[in-house]
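Hi,

Here is the structure I promised to pass on. Have a look at it first, and then read my notes underneath.

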Amino acid sequence: MAPSARLSGLQKDVLALYRSILRETIRKDRRPALDSHHQVPLNQLLHSNSNSSTSFARDKFRKEASLVKRSDFKTIEYKIRKGQKQLKLLQMPGVNLVGGA
């Protein structure tokens, strides 16, 4: 097994934000299913191409990441702060979806 590359602090911040957003959207997507006593499989939430909050968040995150150069630290830091604010909004009890249809 090859040793894994060490991640910089900024890379760790980006990955932590990505994981937090995915966790929250999965929780939000599962909430209606829990209310109807029908459990949605985690694998379906992560890999679906539907209009779920999880797939929207994943696609949006990757789109934003592709628009920024790896060496553009100021923009990356800005987008991390922006993402953290959006995560706080998503964590509010009244918010049900990340993206609108």
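Confidence first, since this is a predicted model. Helix 2 (residues 42-47) has the lowest mean pLDDT among the elements of the protein chain, at 53. Helix 4 (residues 73-90) has the highest, at 94. For the protein chain as a whole, the mean pLDDT is 81, and 72% of the residues reach 70 or more. Where pLDDT is low, the predicted coordinates should not be read in detail. Please keep that in mind for helix 2, given its mean of 53.

Now the overall layout. The secondary structure of the protein chain amounts to 4 helices and 0 strands, and along the sequence it reads α-α-α-α. The chain has 101 residues, and 28% of them are buried. If you take the contacts between residues at least 6 apart in sequence, 63% of these join residues at least 24 apart.

On to the aromatics. The structure holds 1 aromatic pair. The ring centres of tyrosine 18 and phenylalanine 61 are 4.7 Å apart and the planes are at 50°, so the pair counts as tilted. This pair links distant parts of the chain, with tyrosine 18 in helix 1 (residues 9-35), phenylalanine 61 in helix 3 (residues 53-66), and the two positions 43 residues apart. Both tyrosine 18 and phenylalanine 61 are buried.

Then the charges. There are 4 salt bridges in the structure. One of them joins the side chains of glutamate 24 and arginine 27, at 2.4 Å from N to O. Both residues sit in helix 1, 3 residues apart, which is about one turn of the helix. How exposed is each partner? Glutamate 24 has a relative accessible area of 9%, so it is buried, while arginine 27, at 36%, counts as partly exposed. Leaving aside residues up to four places away in sequence, glutamate 24 also touches Leu87, Leu90 and Gln91.

Another salt bridge is between arginine 58 and aspartate 59, where the closest N and O atoms are 3.8 Å apart. Here too one partner is buried and the other is not: arginine 58 has a relative accessible area of 11% and is buried, whereas aspartate 59 is partly exposed at 46%.

Lysine 79 and glutamate 64 form a salt bridge through their side chains as well, at 2.5 Å from N to O. That pair connects distant parts of the chain, since lysine 79 is in helix 4 and glutamate 64 is in helix 3, 15 residues apart. Lysine 79 is partly exposed, with a relative accessible area of 27%. Salt bridges with shared partners bring Lys60, Glu64 and Lys79 together in one network.

One charged residue made me look twice. Which side chain of opposite charge is nearest to aspartate 29, and how far away is it? It is arginine 58, at 8.5 Å; aspartate 29 is buried yet has no salt bridge. Aspartate 29 belongs to helix 1, and its side chain does reach the backbone nitrogen of serine 53, at 3.2 Å.

Two more spots in helix 1 are worth a click. Arginine 30 lies in that helix and is partly exposed at 24% relative accessibility. Its C-alpha atom is 10.0 Å from that of serine 52, and the two residues are 22 apart along the chain.

Leucine 22 is in helix 1 as well, and at 14% relative accessibility it counts as buried. Apart from residues up to four places away in sequence, leucine 22 touches Thr54 and Arg58. That is the arginine 58 you met above in the salt bridge with aspartate 59. Leucine 22 and leucine 87 are 65 residues apart in sequence, and their C-alpha atoms are 9.8 Å apart in space. Leu87 also came up earlier, as one of the residues that glutamate 24 touches.

If you open just a few views, I'd go for the tyrosine 18 and phenylalanine 61 pair, the Lys60, Glu64 and Lys79 network, and aspartate 29 with serine 53.

Cheers

Key. Residues are numbered from 1 along each chain as its sequence is written. This is a predicted model: local features need pLDDT of at least 70, side-chain atom pairs count only at pLDDT 80 or more; totals for chains, interfaces and linings use all residues. Side-chain values use heavy atoms; hydrogens and water are left out. Rings of Phe, Tyr and Trp (its six-membered ring) pair if their centres lie within 6.5 Å; planes under 30 degrees apart count as stacked, over 60 as edge-to-face and the rest as tilted. Buried means under 20% relative accessible area, exposed over 50%, partly exposed in between (1.4 Å probe, protein chains only). pLDDT is the predictor's confidence in each residue, from 0 to 100. Lys and Arg count as positive and Asp and Glu as negative; His and the chain ends are not counted. A polar contact is a pair of N or O atoms within 3.5 Å; within protein, one must be able to donate a hydrogen and the other to accept it, and residues adjacent in sequence count only if both atoms are side-chain atoms. Contact means heavy atoms within 4.5 Å.
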